[in-house]
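Hello,

Here is the structure to look at before we next talk. My notes on what was found in it follow below.

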Amino acid sequence: MGLRLSILTVFLVLLWTTGPHFYNGRNTGCLECHSAHHEGWGTCVDCHRGDPRTQRIQIAHHRLVPGEYACFTLPESPVVETGQWLIDISGCRRCHQTGQQGNGLASNLDGSLDKKMPEVLADAINKPAVFMPHFNFQETDVTRLVNAILASSAGYALKSTDFGQAIHFEEDKEDSDNVFSRNCGGCHRILTQSIGGIGKGDIGPNLSGIFSDFYFQTFKGRKSWNSTGLGQWLKNPRDIRTNAQMPPVHLKKDEFGHLLKILDSYVSS
Ligand code: HEC
Ligand code: HEC
Ligand code: HEC
Ligand code: HEC
């Protein structure tokens, strides 16, 4: 009985895979409803995914990459280039790795193509998680960002070590018992490797990864931030930036030491 069933199954599979809908290679099902375009650059599924073996639209469109998010498949796409520029000027790499560069404080975006639907990525940018800044991008810029993320992600195989990091960012976590939360957290937030997301304020910038290469070069003379610079800033921000809004913060020496440890805890790749 079991043997007969498996012979029947093999027969049916053979019949199906040699059926007429397989004749024209991998695009056949799609071409029942669509006309071809961008030929020569690949097949429909190379750029849009989906399942070409069927004419049932729900199945054919399984994990479909819609047109607007498929621009990353085209060579030298201006959409991708603008997206990459937006990633640079927004400092996304303070927290994320993308294009194999960036801090490991939030998810590694280089794994996005396999793991996430483009719409989910767009949603995450439009409605950011608690410790991700709100950038208020326009819809076209979100599309550009997603295309840039997917472009970097294409062909990038996740290293197994990428799964090793523990990230915490519960909004209501009891986090007041540290020098950052007490002295800075009313106005700033930060993601740290050691104690997760701390701070509740959005008046000042999100300071995640401040001592890394991926933070903005906003110290005096367009320099990167370091511990000496931060010490000067806290003493009197207006010595560094004439119209600074932030009031001076006076910390004891050991408090400053503890603060540096918190600010410096990020994972760079
Ligand atoms: C039975 C007909 C049918 C088949 C088969 C089919 N599609 Fe579609 N497809 C449609 C229709 C209708 C739309 C427009 C409405 C929609 O988005 O569902 C569409 C829309 C699309 C879009 C645009 C979506 C967007 O929002 O930009 C893409 C891309 C696409 N299809 C790719 C494919 C690919 C690739 C295949 C094969 C793997 C395929 N389709 C198979 C009927 C089909
Ligand atoms: C090299 C990548 C590539 C290939 C191959 C490709 N597409 Fe597209 N597709 C895109 C891009 C990029 C867009 C967005 C509009 C544009 O730039 O042309 C798109 C847009 C679409 C759309 C949305 C409507 C539109 O024209 O804007 C549909 C539907 C679609 N493709 C279906 C298909 C089907 C079916 C095939 C296979 C016959 C296919 N595509 C092959 C990249 C590709
Ligand atoms: C201050 C840290 C921080 C910055 C800066 C930041 N993000 Fe995020 N981002 C997060 C956190 C936290 C999450 C939610 C948890 C996670 O995915 O790690 C997140 C999630 C995402 C997701 C969803 C990822 C997924 O797998 O579901 C995308 C996409 C994303 N961010 C894109 C961006 C882009 C694009 C930028 C720059 C414009 C950016 N982020 C800047 C912290 C940040
Ligand atoms: C009362 C609110 C407030 C407090 C408390 C506060 N900050 Fe700020 N901070 C700001 C604001 C607002 C800015 C924006 C820049 C400006 O003032 O021009 C800022 C800017 C900064 C910057 C410059 C970042 C950049 O990219 O320009 C650093 C660094 C900084 N704060 C660190 C800290 C640290 C560390 C603490 C705690 C020891 C702290 N701040 C406490 C409000 C605050």
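**An iron site and salt bridges**

K127 is exposed, with 57% relative accessible area. Its partner in a salt bridge is D123, with 3.1 Å between the closest N and O atoms. D123 counts as partly exposed, at 38% relative accessibility. Please keep in mind that this is a predicted model.

In total, the structure holds six salt bridges. Side chains of opposite charge can pair when their charged atoms come close. Besides the pair above, I describe two here.

One of them joins the side chains of D177 and R182, at 3.8 Å from N to O. D177 is exposed, with a relative accessibility of 68%, whereas R182 is partly exposed at 49%.

The other is between the side chains of R189 and D202, at 3.0 Å from N to O. R189 sits in the loop between helix 9 and strand 1, and D202 in the loop between strand 2 (196–198) and helix 10 (227–235), so this salt bridge ties together parts that are 13 residues apart in sequence. The two ends also fall into separate exposure classes: R189 is buried at 9% relative accessibility, while D202 is exposed at 60%. R189 is counted as buried because its value is under the 20% cut-off.

Now the metal. Which residues coordinate the iron atom of ligand 4? They are H188, through NE2, and M246, through SD, at 2.0 to 2.1 Å. The iron atom has six donor atoms, and with angles of 88 to 179° among them its site is octahedral. For six octahedral donors the ideal angles are 90 or 180 degrees.

The two coordinating residues come from distant parts of the chain, 58 residues apart. H188 is in the loop between helix 9 (179–183) and strand 1 (190–192). M246 is in the loop between helix 11 (237–240) and helix 12 (253–263).

As for exposure, H188 is buried, with a relative accessible area of 10%. M246 is partly exposed at 22%; it does not count as buried because that class requires a value under 20%.

When you open the model, the loop between helix 9 and strand 1 is a useful place to begin. That loop holds H188, one of the residues that coordinate the iron atom, and also R189, which forms the salt bridge with D202. Both H188 and R189 are buried.

Regards

Technical notes. Residues are numbered from 1 along each chain as its sequence is written. Chains are lettered from A and ligands numbered from 1 in the order in which they are written. This is a predicted model: local features need pLDDT of at least 70, side-chain atom pairs count only at pLDDT 80 or more; totals for chains, interfaces and linings use all residues. Side-chain values use heavy atoms; hydrogens and water are left out. Donors are N, O and S atoms within 2.8 Å of the metal (3.2 Å for Na, K and Ca); water is not among the atoms, so sites may look incomplete. Four donors count as tetrahedral if all angles lie between 85 and 135 degrees; four count as square planar and six as octahedral if opposite donors are over 155 degrees apart and all others between 65 and 115; anything else is irregular. Helices (H or I, at least four residues) and strands (E, at least two) are DSSP runs, numbered from the N terminus. Buried means under 20% relative accessible area, exposed over 50%, partly exposed in between (1.4 Å probe, protein chains only). A salt bridge is a side-chain nitrogen of Lys or Arg within 4 Å of a carboxyl oxygen of Asp or Glu.
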